[in-house]
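Visitor: Hello! I am new here, and I would love a guided walk through this protein.
Guide: Gladly. Here it is, and you are welcome to ask as we go.

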Amino acid sequence: MAAEFDLNLVRTFVLLYETRSVTAAAELLGVTQPTVSYGLGKLRRRLHDELFVRGPGGLVPSSEAERLYPPLRAAIAEVDETLGAATEFDPSRPTRFSLGLSDLGEVTVLPLVLSALAALAPQASLDVEAFDMDTATDRLARGAVDAIVASPVLDSPRLTRTPLFREGYAGLAAAGHPRLRGDTVAEADLRRERHIVVEGVTGHPGPRKALHDHGLEDRVAVRVTRFATLPYVVQDSDLVAIVPERVARALARTHPVRVFALPWPIEPVEVAAYTRRAPGRGAAQRWFLGVIRAALHDLSAT
């Protein structure tokens with residue numbers, strides 16, 4: 001009984017570190033907030049350290065908590081992996097998942113995940129929320145979202161990163177562009193055109209960097225905040241955009257735009273799935289990550 005209680009205390013510590021919230025830790029543990037507060041008090045007395053103090057964004061770990069977290073998280077993860085092997089998720093039962101995606105992800109990733117869910121868990125529902133770089137780590141760690149698929153790197157010990165596929169780039173122009181023709185465009189021709197680019201934290205700095213490296217920054221005529229805006233602007237103008245290749249080809253099926261190969265290479269970006277680390281990630285979330293990986297498996301080979 002004492003060993004079990006100690007394990008619960010370790011689990012409480014790890015979740016407090018990852019969620020930075022007594023409320024969120026209690027929800028993930030399935031206990032009351034006073035229970036978590038009591039456990040934290042017991043840990044403080046046993047370790048002779050405050051461990052966490054309140055800050056403007058939630059609980060702030062002490063230096064001792066920072067030192068303790070890696071080995072304690074590893075120990076809990078090993079226990080959860082062992083116990084989780086005996087816990088199975090039943091996909092035939094009604095359940096609800098949540099997935100964070102960018103506007104590009106809603107074009108390319110979402111249809112594939114929905115198709116896989118429909119085949120494997122016909123009673124499952126899915127909530128899709130907009131990917132927000134500033135809140136993504138916290139929402140995953142608190143259990144507010146089951147998974148996020150995105151290209152920006154979320155570098156946090158509170159998360160697990162699973163690479164999915166790499167994405168290259170292509171040019172996008174109106175189907176009836178007055179000057180650009182064919183599947184390829186010469187660099188000299190591209191230099192004469194005006195460009196539209198996506199600013200902000202999109203996870204796709206490659207197009208902007210390419211324009212800068214090739215001295216085309218002064219040819220940027222329009223700056224927007226979302227890739228989803230591009231086809232509506234490009235189709236009715238002579239502006240040119242550089243977009244992820246899979247997205248470009250998807251847009252060409254639904255809009256009067258044309259895809260062309262770029263005259264110079266752009267380093268591909270890696271798209272990954274992010275989930276919270278154990279503890280707190282249940283059998284349903286592990287199963288959902290497997291569905292995402294299977295749904296997007298073919299993209300890694302193209």
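Visitor: How much space lies in the largest cavity?
Guide: Keep in mind that this is a predicted model. With a threshold of 30 Å³ or more, the count comes to one cavity. The space in the largest cavity is about 50 Å³.

Visitor: Which element gives the most residues to the lining of the largest cavity?
Guide: The lining includes Ile-196, Val-197 and Val-198, along with His-204, Pro-207, Arg-208, Phe-227, Leu-230 and Ile-242. Two elements give two or more residues to it, namely β8 (195-198) and α8 (206-213). With three residues, the element that gives the most is β8.

Visitor: How many residues of each class are in that lining, nonpolar, polar and charged?
Guide: Among the lining residues you can find Phe-227, His-204 and Arg-208. Sorted by class, the lining of the largest cavity has one charged residue, one polar residue and seven nonpolar ones.

Visitor: Now the sheets, please. In the open sheet of five strands, which strands stand at the edges?
Guide: Strands of a sheet pair through backbone hydrogen bonds, in a parallel or an antiparallel way. Here the order is β4-β3-β5-β12-β6, with mixed pairing. The strands at the two ends have a single partner each, so one side of each is left without a neighbour in the sheet. These edge strands are β4 (124-130) and β6 (159-167).

Visitor: And what does the twist average from one strand to the next in that sheet?
Guide: Follow the five strands in the order β4-β3-β5-β12-β6. From one strand to the next, the twist averages 20 degrees.

Visitor: Which residue is the bridge partner of Thr-160 in β12?
Guide: β6 pairs with β12 (residues 269-276) over eight bridges, in the antiparallel sense. In β12, the partner of Thr-160 is Thr-275.

Visitor: Which helix lies across β3, β4, β5, β6 and β12?
Guide: Look for a helix that covers residues 283-295. Its direction is at about 55 degrees to β3 (95-101). This helix is α11.

Visitor: There is also an open sheet of three strands. Which of its strands stand at the edges?
Guide: The order is β10-β7-β11, and the pairing is antiparallel. The twist here averages 40 degrees from one strand to the next. Each edge strand has a single partner, so one of its sides is left without a neighbour in the sheet; the two are β10 (241-244) and β11 (257-260).

Visitor: Which residue stands opposite Ala-174 in β11?
Guide: Four bridges join β7 (residues 169-174) to β11, and the two run antiparallel. Opposite Ala-174 stands Val-257.

Visitor: At about what angle to β10 does helix α10 run?
Guide: Helix α10 covers residues 245-254 and lies across β7, β10 and β11. Relative to β10, its angle is about 105 degrees.

Visitor: How many residues join β1 to β2 in the hairpin?
Guide: β1 and β2 (residues 58-61) pair in the antiparallel sense over four bridges. Phe-52 stands opposite Pro-61 in β2. The hairpin joins β1 to β2 through two residues.

Visitor: In which loop is His-48 found?
Guide: His-48 is not a glycine, yet its phi has a positive value, near 55 degrees. The place to look is the loop between α3 (33-47) and β1 (52-55).

Visitor: Lastly, over which residues does pLDDT stay under 50?
Guide: For the protein, the mean pLDDT is 88, and 92% of its residues reach 70 or more. One stretch stays under 50, and for it the model has one contact beyond four places in sequence. That stretch is residues 1-5.

Definitions and conventions: Residues are numbered from 1 along each chain as its sequence is written. This is a predicted model: local features need pLDDT of at least 70, side-chain atom pairs count only at pLDDT 80 or more; totals for chains, interfaces and linings use all residues. Side-chain values use heavy atoms; hydrogens and water are left out. Two strands pair if DSSP finds at least two bridges between them. Axes are lines fitted to C-alpha atoms, for helices over the stretch in contact, and angles run from 0 to 180 degrees between N-to-C directions. Contact means heavy atoms within 4.5 Å. On a 1 Å grid over the protein atoms alone, a cavity is a set of points where a 1.4 Å probe fits but cannot get out, and a pocket is an open set with protein on both sides within 12 Å along at least five of seven lines; lining residues have an atom within 4 Å of a point. Grid points are joined across faces, edges and corners, and a volume is the space filled by probe spheres set on the points. Ala, Val, Leu, Ile, Met, Phe, Trp, Tyr, Cys and Pro count as nonpolar, Asp, Glu, Lys and Arg as charged, and the others, Gly among them, as polar. pLDDT is the predictor's confidence in each residue, from 0 to 100.
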